Amino acid sequence: MPEPVARMSLADNTHSARCCRRLFLRQAWWSERPARVPLTVVTGLTSSRLEQLQHQCASWKGPLSAAVYIVVKGDGKGGVAADGEKALAAAAADVASFHAK
């Protein structure tokens, strides 16, 4: 199984009067295969939609970049709650398994 190429905690904070959202890059994977097409398809999805991403990968033979979004509860201190860490670990395992195919 390929190792993640990045483990970062870069945050993009978006503030509003009612909420605060933080986006963190947890892991990134990429293929060493050369691109056949000089155009990259970019998409975003939740981990529950990996099957649709698999179909998209099968139909598009060029490069594809996908961001998998996972919503988790915070711990009230700017971090992630314990159940959120479990959800992130499970989602990362699902994506790693998907990427290994």
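Let's start with a pair of strands in this predicted model: strand 3 (residues 41-46) and strand 4 (residues 64-69) run parallel and are joined by six bridges. To find your place in the pairing, look at V42, which stands opposite S65 in strand 4.

Now follow the chain from one strand to the other. Strand 3, helix 1 (residues 50-59) and strand 4 together form a β-α-β unit, and this unit is right-handed.

Next, move along to helix 2 (residues 82-100), where you will find F98. Is F98 buried or exposed? Its relative accessibility is 16%, and since the cut-off for buried is under 20%, F98 counts as buried.

Which residues does F98 touch, once its neighbours within four places in sequence are left aside? The contacts are L50, L53, Q54 and C57. Take L50 as one of these partners: L50 and F98 lie 48 residues apart along the chain, yet their C-alpha atoms are separated by 7.6 Å.

From here you can widen the view to the largest nonpolar core, a set of seven residues. F98 belongs to this core, together with W29, L45, L50, L53, V95 and A96. Helix 1 and helix 2 each supply at least two residues of the core, and helix 2 gives the most, with three residues.

If you keep F98 in the centre of your display, you can trace the picture again: F98 sits in helix 2, contacts L50 and L53 among others, and shares the largest nonpolar core with both of those leucines.

Technical notes: Residues are numbered from 1 along each chain as its sequence is written. This is a predicted model: local features need pLDDT of at least 70, side-chain atom pairs count only at pLDDT 80 or more; totals for chains, interfaces and linings use all residues. Side-chain values use heavy atoms; hydrogens and water are left out. Two strands pair if DSSP finds at least two bridges between them. Helices (H or I, at least four residues) and strands (E, at least two) are DSSP runs, numbered from the N terminus. A crossover is right-handed if, with the strands pointing away from the viewer, the path from the first strand over the helix to the second runs clockwise. Buried means under 20% relative accessible area, exposed over 50%, partly exposed in between (1.4 Å probe, protein chains only). Contact means heavy atoms within 4.5 Å. A nonpolar core is a set of buried Ala, Val, Leu, Ile, Met, Phe, Trp, Tyr and Cys residues joined through side-chain atoms within 4.5 Å.
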